[in-house]
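Biologist: Let's walk through this model together. Keep the answers short, please.

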Amino acid sequence: MKLRFHWMLPKAGEVVVNSTQTPEAAALYRIQSISSSSPAPRPDLEGWIHFARHAEEAGIDSVLISFSRYEPEPLVVSCALGQATKKLKFIAAHRSGLMQPTIFVQQFNTLSALIPGRLSLNIVAGSSTEEQHGYGDFLAHDERYARAGEFLAVCHLFWQTEGEVNFEGRHYRVEQGKLHTPFLADRKAPEIYISGHSEPAERLALSQGTCLLRVADTAEKLRPLVARIREQGLEVCLRLCVICRETREEAIQVAESLLPDSDIGRHERSTAVKNDSQMYREGAALGGDASWLSRNLWTGLVPYFGPVWTTLLGTPRELANALLDYKSVGVSQFIMSGWPELDEVNIFGRKVLPLVREAE
Amino acid sequence: MSLRFHWMFPKGGEVAMKTAQETSRVLTTRSRSPAALPDMEGWVRFGRAAEEIGIESVLLSFSYYEPDTILIACAVGQATTRLKFIVAYRAGLMQPTTFVQQINTLSGLIDGRVALNIVAGSSAAEQRGYGDFLEHDERYARAEEYLTICRCFWRDRGEVNFDGKYCRVEHGQLFTPFIAADRIAPEIYISGHSEQAQRLALAQGTSWLRLIDTPEKLRPLADRFREKGVEVSLRLCVICRSTREEAIKAAQSMLPGEDIGQEERSILSGSESQTLKQALAAADNVGWLNRHLWAGLVPYYGSSAMTLLGSPEELAEIFLNYERIGVTQFIISGWPKLDEMLIFGREVLPLIRKAEGRTAAASG
């Protein structure tokens with residue numbers, strides 16, 4: 001089976017349509033997107049459509065649309081963007097617990113019919129406790145995973161049964177639930193990506209997901225985990241950033257230009273650490289000499305900006321080889337990101353992907 | 001101010017349906033009905049026709065047998081430029097923070113062309129399928145809390161804190177604002193005839209939405225709302241033909257066959273809705289509420305099938321009568337949906353606008 005490549009949807013306002021943007025400017029925009037003066041919370045169809053068309057062109061399978069209080073809502077964004085694209089799929093992130101499963105499935109199914117079948121789901125159990133409280137959710141970390149399990153169990157009942165749904169759990173209760181709008185695609189239920197590094201996240205993925213989504217590590221380190229997940233019939237998808245240049249030195253130069261000067265560093269570090277996420281706690285502990293996990297995998301930005309800034313960098317050939325190494329241990333999908341997203345997706349589509357396909 | 005006219009959005013597949021009978025609830029609630037699926041082609045045709053002839057908004061109804069209203073508004077909004085969307089939603093099915101985030105996102109994607117029709121709930125059985133086990137009165141109490149939180153997000157734009165009986169939010173923050181040229185929050189229509197519905201509309205709504213009745217009956221109610229600065233909107237059907245007699249003939253041809261008619265009645269009689277009970281009683285007792293307002297279709301098509309019928313001149317005059325007692329908006333349907341809307345736009349609306357122009361000139 002061929003590797004599948006997805007990309008992060010850029011923040012609103014991040015895509016510069018008719019001029020150029022430096023990697024530093026792109027990174028800064030993303031860092032500041034959670035400040036109240038940023039335009040990132042306002043939907044940006046023009047920039048998004050521009051990016052989406054380039055992503056389709058580059059051979060990207062889907063875009064992941066993240067969920068947070070700082071951003072527009074992913075299902076609604078997918079709907080608008082899906083009207084303007086033909087092939088591109090959408091992985092909409094959703095936090096379980098913020099809606100009743102019945103209404104969630106109704107929205108999700110409606111969306112699947114409006115953008116024929118081009119829709120997958122990324123379930124996140126929660127983020128910081130503070131942000132969850134703002135959404136009316138007062139459960140603790142592990143309980144949120146238990147609830148997410150029930151949430152997805154109800155969703156699967158709707159997707160798998162034609163008739164009425166009945167469910168009685170600790171967190172949800174549905175009696176004779178009926179929905180007439182089906183999930184419309186060439187599969188009965190969407191692909192479900194479960195993210196997280198914690199034990200409950202892995203258990204949730206195994207019981208309710210189709211794919212475990214986690215931050216990249218070296219292929220060697222990931223081997224046992226991937227084998228365990230694959231044995232259960234699930235896929236593994238890695239989240240990572242890429243910097244591809246003609247030489248490794250050029251790529252490193254770009255990467256280092258993104259390091260903050262020390263003052264900004266301290267400030268940003270505090271906002272990047274989402275207190276309730278094991279992935280973020282692990283990320284915050286990284287840095288220093290340990291920042292090169294391999295010749296091409298760098299975590300130098302992680303202590304400042306969080307684990308999803310883990311970066312694969314090098315020449316097109318090096319990147320293609322690294323991706324094929326992941327394939328050899330059983331990883332089958334990637335969700336990537338770069339600075340700027342637009343330039344990096346173009347480079348990836350032109351330089352890296354053909355090498356990967358050739359080897360496959 | 002001129003009267004505002006909205007139209008009921010067609011169900012999936014309805015734009016292609018030629019008779020009222022095909023759109024009956026018995027048929028559209030069957031699980032294989034085309035009403036279960038989005039119908040972008042028909043909807044876009046309808047939406048563009050609506051904005052062309054001067055219809056301000058479409059109302060998208062919410063139920064388990066139709067696609068989700070917020071996402072339909074988003075998709076059809078991409079293909080239209082002026083038409084607004086009154087999105088019906090039931091309070092309590094999602095956290096208010098998430099709901100506001102979706103509505104705000106939608107507003108940013110369709111230039112603020114979104115309003116809300118908040119419904120406290122439907123039948124107890126349908127609510128339980130949505131995971132909601134509250135009783136009728138409690139659902140209204142929850143809707144009150146729900147809208148209080150929504151309005152805090154829209155008004156304050158800072159942190160929202162709320163600790164109620166049904167909803168709790170701590171340090172709630174949403175960065176995506178409600179985006180519209182002229183408002184910081186959507187218009188909110190509250191429907192229902194019960195005392196709780198009226199109280200909710202007065203406390204949290206910008207308009208009370210109810211079924212049409214005669215102007216005499218509505219006058220005291222309209223006064224009550226206008227005093228508090230809340231508008232009154234009426235839901236009705238319109239059948240306009242060149243004469244009243246022809247309109248009556250058209251209306252009678254819409255009565256369903258016997259089987260469907262009986263099934264329809266038995267569905268309707270199971271409802272808890274006070275609106276529907278009142279409308280059914282009117283249909284049984286009198287049939288005609290006045291010379292132009294007919295309840296004959298209600299037993300078969302539900303309470304919103306209370307029908308105003310007549311010639312263009314008669315209808316225009318009737319709408320202006322409602323304006324005189326303080327009604328400001330109408331949400332209309334007719335069969336076939338597109339044809340009746342086109343007749344209204346061509347024949348009735350110009351007469352109303354002309355008369356409003358004369359009044360404005362006389363008072364100006």
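Biologist: Where is the place of Pro336(B) in chain B?
Modeller: This is a predicted model. Strand 13 covers 329–333 and helix 14 covers 337–363. Pro336(B) falls in the loop between strand 13 and helix 14 of chain B.

Biologist: What is omega for the peptide bond from Trp335(B) to Pro336(B)?
Modeller: That bond leads into the loop proline just placed. The peptide bond from Trp335(B) to Pro336(B) is cis. Its omega is near -20°.

Biologist: Which residue does a cis peptide bond join to Trp339(A)?
Modeller: Look in chain A, in the loop between strand 12 and helix 14. Omega is about -15° for this cis bond. The partner is Pro340(A).

Biologist: Is Trp154(B) buried or exposed?
Modeller: Trp154(B) is found in helix 6 of chain B. A residue needs 20 or more other C-beta atoms within 10 Å to count as buried. Trp154(B) has 20, so it is buried.

Biologist: Is His171(B) buried or exposed?
Modeller: His171(B) sits in strand 6 of chain B. Its phi is positive, about 50°, although it is not a glycine. The cut-off for exposed is 12 or fewer C-beta neighbours. His171(B) has 12 within 10 Å, so it is exposed.

Biologist: How many residues does chain B bring to its contact with chain A, and which helix gives the largest share?
Modeller: The contact takes 43 residues from chain B and 43 residues from chain A. On the chain B side, nine residues make up the largest share. They come from helix 4 of chain B.

Key: Residues are numbered from 1 along each chain as its sequence is written. Chains are lettered from A and ligands numbered from 1 in the order in which they are written. This is a predicted model: local features need pLDDT of at least 70, side-chain atom pairs count only at pLDDT 80 or more; totals for chains, interfaces and linings use all residues. Helices (H or I, at least four residues) and strands (E, at least two) are DSSP runs, numbered from the N terminus. Two residues are in contact if their C-beta atoms, placed from the backbone, lie within 7 Å.
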